[in-house]
Amino acid sequence: MAIMRKDKNQAQEQPKILDVTAAMQGELTFKDPVNLRIGGNFEGKLDTKGELTIGNTAVVKANIHGDIITVSGTVEGSIVAYTSLSFTASAGFTGELTTPVLEIEKGAVVNGKCTMARKNQDVMSLEEVAQYLEVESNLLRSWAEKGKIPAKQAHGNWVFEKQQIDQWVVTQKQ
C-alpha cells in the first residue's frame, strides 16, 4: 500500500491518492475524498468518497459505496455509486448495483440486479441521510427497518433516494 501526499497547499487542491496492491480484508471507510485504486484482493466492506478504481488484476468480494467507481477487475457483492459507475472491457461483476449513471464497455461481464435512480435524483447512504436529517444513524436505521422512512436494502446496506427523503420530510411536518 502506498500513500502519496503533497505539501499542505497542494493537498488542498488535489485529492489524496491511495494505492492498495496487497491482499486486505475488513472494512475501509473514508470520510474525506480520496482517489483509491485497488490492485490486489479485498474482502469486506468499502465506503469511500471521491474516485474508486478497481484495477484489472483486482479480485474484490465486498459491499461497496462510493461516488465515482470504475471497475476493471472482478467484483462480487453490491455496489452503490452515488455519481457514476463504469465497467471497462476487462471487468467482471456479479451482484447488485445501484447508480444514477451506468457505463458498460463492450466485453465487460455484468450479472445481477441493476437499479438506476431517475434523472436529478441522488442516492444517499444511511450516514449521509442521518447527517442530512440531523438524526443519529441508529435511529434512522430503526426507522428504515420499521418502514417509517422510504429506503431500500442492497446486500445489508440501506440506500435512500434524496427526492423520496425530501418528500417524506414534507409529509412529516404536516
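Student: How many aromatic pairs does the count come to?

Tutor: The model is a predicted one. Rings of Phe, Tyr and Trp pair if their centres lie within 6.5 Å. By this rule, the number of aromatic pairs is two.

Student: For the pair of Phe-87 and Phe-93, which class applies: stacked, edge-to-face or tilted?

Tutor: The ring centres of Phe-87 and Phe-93 are 5.5 Å apart, and their planes meet at 45 degrees. Planes under 30 degrees apart count as stacked and those over 60 as edge-to-face, with the rest tilted. The pair of Phe-87 and Phe-93 is therefore tilted.

Student: Why is the pair of Trp-143 and Trp-168 tilted?

Tutor: A pair of aromatic rings is described by the distance of the centres and the angle of the planes. For Trp-143 and Trp-168 the centres lie 5.6 Å apart. The pair is tilted because its planes stand at 50 degrees.

Student: Which helices hold Trp-143 and Trp-168?

Tutor: This pair links distant parts of the chain, 25 residues apart. Trp-143 lies in helix H3 (residues 137-145), and Trp-168 in helix H4 (residues 162-173). The helices are H3 and H4.

Student: Is Trp-168 buried or exposed?

Tutor: The relative accessible area of Trp-168 is 15%. Buried means under 20%, so Trp-168 is buried.

Student: Which residue has its backbone oxygen 3.4 Å from a polar atom of the side chain of Thr-99?

Tutor: Thr-99 belongs to strand E7 (residues 92-99) and counts as buried at 0% relative accessibility. The backbone oxygen at 3.4 Å from its side chain is that of Ala-81.

Definitions and conventions
Residues are numbered from 1 along each chain as its sequence is written. This is a predicted model: local features need pLDDT of at least 70, side-chain atom pairs count only at pLDDT 80 or more; totals for chains, interfaces and linings use all residues. Side-chain values use heavy atoms; hydrogens and water are left out. Helices (H or I, at least four residues) and strands (E, at least two) are DSSP runs, numbered from the N terminus. Buried means under 20% relative accessible area, exposed over 50%, partly exposed in between (1.4 Å probe, protein chains only). A polar contact is a pair of N or O atoms within 3.5 Å; within protein, one must be able to donate a hydrogen and the other to accept it, and residues adjacent in sequence count only if both atoms are side-chain atoms. Rings of Phe, Tyr and Trp (its six-membered ring) pair if their centres lie within 6.5 Å; planes under 30 degrees apart count as stacked, over 60 as edge-to-face and the rest as tilted.
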